[in-house]
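Colleague: I would like to know what stands behind the terms used for this model. Please take them one at a time.

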Amino acid sequence: VVSPKCLSDIDDAKVELEAYIEFKIPDINPRYRLHYHVTPPVGWMNDPNGFSYHDGEFHLFYQYYPYDSVWGPMHWGHVSSPDLVHWNQLPTALLPENEQCFSGSAVSMDDTMALMYTAHEVTDKEPYYNESQYLAFSDDGIDFYKYEGNPVLPAAPNGSPDFRDPKVWKYGNEWYVVLGSKTVDQRGRVLLYKSKDLKDWEFLSVLGESQGDMGYMWECPDFFELDGKFVLLMSPQGMIAEGDRYKNTFQNGYIIGSFDYETNEFHPEVDFQEIDFGHDFYAAQTTEHNGKRYVIAWFSMWEVPHVEDVDGWSGAMTIVRELKLVDDRIIMKPLDEMIDLRHHTIMHGRLRSHEVMSLPQATELIIDGNIKQKIELYLQGVDGGGKVWVRWNPAVGKVVVDRGAGDVRQVEWSPIGSTTWRIFLDASSLELFCGEGEVVFSSRVYPLGGWKLTNLSSQSLKIEAYHLKRTVP
Ligand code: FRU
């Protein structure tokens with residue numbers, strides 16, 4: 001039971017934290033600050049949390065440590081949006097107390113917004129931590145209070161200390177949740193529960209489980225229906241790289257199958273596939289509104305250099321994408337609303353072979369080339385810094401995103417329709433959507449002084465380039 005004294009202590013801590021954030025914002029070095037991607041106002045960000053629609057607006061929370069640009073005791077940062085492209089900063093929603101506030105999700109229940117998240121507690125016995133599930137509520141979508149009956153799900157059925165990242169949804173009159181966990185012999189798995197009130201949960205089934213080749217832990221699961229199939233999306237840790245596949249520290253991908261709410265069994269029909277082929281995409285979470293399924297992910301990765309951290313911040317979100325299922329795979333499309341971000345046209349014409357053009361930090365490019373021939377784009381900073389090559393070789397049939405020094409991601413591309421590339425550049429990022437979104441790469445790149453594009457192909461390329469507006473604080 002939380003005493004009134006504690007309550008006012010929490011309120012004081014919230015006020016102090018917001019004052020601290022305001023005080024620190026002027027110290028941020030703006031050189032890599034993104035113009036239309038959500039970033040932490042100061043400090044560290046990882047996973048998207050609580051991606052949801054409530055009372056006329058979209059909400060997005062995120063794993064947040066305000067006091068340094070490295071990971072630390074987890075808070076939940078909070079932004080909202082009318083349209084998933086313009087974002088407003090809101091006060092930090094959850095502060096750690098005895099528990100750190102690890103990843104989770106949000107649902108709208110009439111006038112109340114409910115968060116379900118993992119309480120990560122440090123203990124003095126091996127493995128030195130414990131994870132259980134907590135609730136928090138809000139009546140105004142801004143101020144959140146933790147439920148006095150926490151935890152609502154104290155432990156995994158097999159006692160594993162890794163039991164986290166609840167993703168809740170409603171089906172009929174009941175709430176369902178998937179949770180990431182592992183078997184006793186270290187195989188990643190996803191658990192399914194149901195509840196009438198979010199407070200009392202009944203274990204239903206092991207929704208999915210590695211047979212040994214899919215890592216030791218499955219983080220951040222999500223489960224939803226898409227175009228007549230069910231999709232289990234998750235972030236496996238510990239998959240071994242195989243050729244071009246699984247080259248990031250941890251992976252993010254999905255299994256398509258069928259599911260029955262009577263038996264609670266999920267039958268996989270297609271093997272695990274990565275959802276994005278770039279260097280920096282993790283812990284994706286979806287939400288549904290008006291029949292559309294949207295996804296957003298942490299635009300970064302564990303255990304890689306976070307170049308911006310010396311500037312007082314670290315981590316970002318990808319742009320939101322809409323998901324569709326086409327021929328046994330997910331395609332990701334930028335939202336139609338992204339067109340509203342174009343504030344003027346920089347170019348609409350041809351870039352000759354070896355011609356160079358400079359571009360603002362926030363630019364959208366539409367590239368149309370003859371894909372029967374090689375295409376090569378070179379993007380670098382006007383004043384140095386990071387660089388990236390984007391290549392297509394029809395003889396190999398792969399798209400390549402190369403950050404230099406062997407830091408390459410590549411994947412087969414057979415266009416299902418359009419053969420154009422749509423590239424979203426921001427001050428420290430590149431998102432490449434090939435064709436209809438059947439192959440997407442999200443990678444952080446750190447150019448200085450805006451972008452310089454060189455057409456290294458021997459063919460001239462048709463290019464549309466738009467300067468994009470700022471849509472984040
Ligand atoms: C995934 C993750 C989650 C956890 C959170 C902690 O990136 O490890 O499993 O809840 O980050 O910040």
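Modeller: Burial is a good place to start: of the 473 residues in the protein chain, 47% are buried. The model is a predicted one.

Colleague: What makes a residue buried, partly exposed or exposed?

Modeller: The count of other C-beta atoms within 10 Å decides: 20 or more is buried, 12 or fewer is exposed, and partly exposed lies in between. Y246 has 19 C-beta neighbours inside 10 Å, so Y246 counts as partly exposed. E303 has 7 other C-beta atoms within 10 Å and is therefore exposed.

Colleague: Where are Y246 and E303 in the chain?

Modeller: Y246 sits in the loop between strand 14 and strand 15. E303 is in the loop between strand 18 and strand 19 (313-314). Neither is glycine, and phi is positive in both: near 60° for Y246 and near 55° for E303.

Colleague: Why is strand 18 called mostly covered?

Modeller: Strand 18 covers residues 292-298, and five of its seven residues are buried.

Colleague: Which strands pair with strand 18, and how do you know that they pair?

Modeller: At least two bridges between two strands are needed to call them paired. Strand 17 and strand 18 run antiparallel and are joined by six bridges, so they qualify. Strand 20 (residues 321-326) shares two bridges with strand 18, also in the antiparallel sense, and therefore meets the cut-off as well. As for individual partners, Y282 is bridged to W298 in strand 18, and Y294 to E322 in strand 20. The hairpin of strand 17 and strand 18 has two residues between the strands, and N290 in this hairpin has a positive phi near 50°.

Colleague: What makes strand 13 and strand 16 edge strands?

Modeller: Strand 13 and strand 16 belong to an open sheet of four strands, with the order 13-14-15-16 and antiparallel pairing. Each of the two, strand 13 and strand 16 (265-274), pairs on one side only. On average, neighbouring strands of this sheet are turned by 25° against each other, direction ignored. Within the sheet, five bridges link strand 14 (residues 229-237) to strand 15 (residues 253-260) in the antiparallel sense. L233 is opposite Y254 of strand 15.

Colleague: What is the order of the six-stranded open sheet, and which strands are its edges?

Modeller: The order is 22-33-24-29-30-31, again with antiparallel pairing. Strand 22 (342-351) and strand 31 (439-443) are the edges, each pairing on one side only. Here the average turn between neighbouring strands is 15°, direction ignored. Strand 22 and strand 33 (residues 461-468) run antiparallel and are joined by eight bridges; in strand 33, H467 is the bridge partner of H344.

Colleague: How do you know that the protein chain agrees with a compact globule?

Modeller: The comparison rests on the radius of gyration. A compact globule of 473 residues would have a value near 23 Å, and the protein chain has 22 Å, so the two agree. Along the principal axes, the C-alpha atoms fill a box of roughly 70 × 50 × 40 Å. The secondary structure of the chain amounts to one helix and 33 strands.

Colleague: Where do the domain names come from?

Modeller: Both are taken from an unreviewed UniProt entry. The record places "Glycosyl hydrolase family 32 N-terminal" at residues 37-334 and "Glycosyl hydrolase family 32 C-terminal" at residues 385-458. In the model, residues 37-334 are 0% helix and 57% strand, with end C-alpha atoms 13 Å apart. Residues 385-458 are 0% helix and 53% strand, and their end C-alpha atoms are 26 Å apart.

Colleague: Which residues come nearest to the ligand, and which strands supply its shell?

Modeller: There are 13 residues around the ligand, and Q63, F102, S103, E219 and A283 come nearest. At least two shell residues each come from strand 1 (43-54), strand 5 (100-109), strand 9 (163-171), strand 13 (217-226) and strand 17 (282-289). By type, the shell has five nonpolar, four polar and four charged residues.

Colleague: What is the omega of the cis peptide bond between E126 and P127?

Modeller: Omega is about 0° there. P127 is in the loop between strand 6 (112-122) and strand 7 (129-138). The peptide bond from N150 to P151 is also cis, with omega near 0°, and P151 is in the loop between strand 8 (145-146) and strand 9.

Definitions and conventions:
Residues are numbered from 1 along each chain as its sequence is written. This is a predicted model: local features need pLDDT of at least 70, side-chain atom pairs count only at pLDDT 80 or more; totals for chains, interfaces and linings use all residues. A residue is near a molecule or strand if its C-beta atom, placed from the backbone, lies within 6 Å of it. Ala, Val, Leu, Ile, Met, Phe, Trp, Tyr, Cys and Pro count as nonpolar, Asp, Glu, Lys and Arg as charged, and the others, Gly among them, as polar. UniProt positions are given in the numbering used here, feature names are shortened, and annotations may be inferred rather than shown by experiment. Axes are lines fitted to C-alpha atoms, for helices over the stretch in contact, and angles run from 0 to 180 degrees between N-to-C directions. The radius of gyration is taken over C-alpha atoms; the globule rule is 2.2 Å times the number of residues to the power 0.38.
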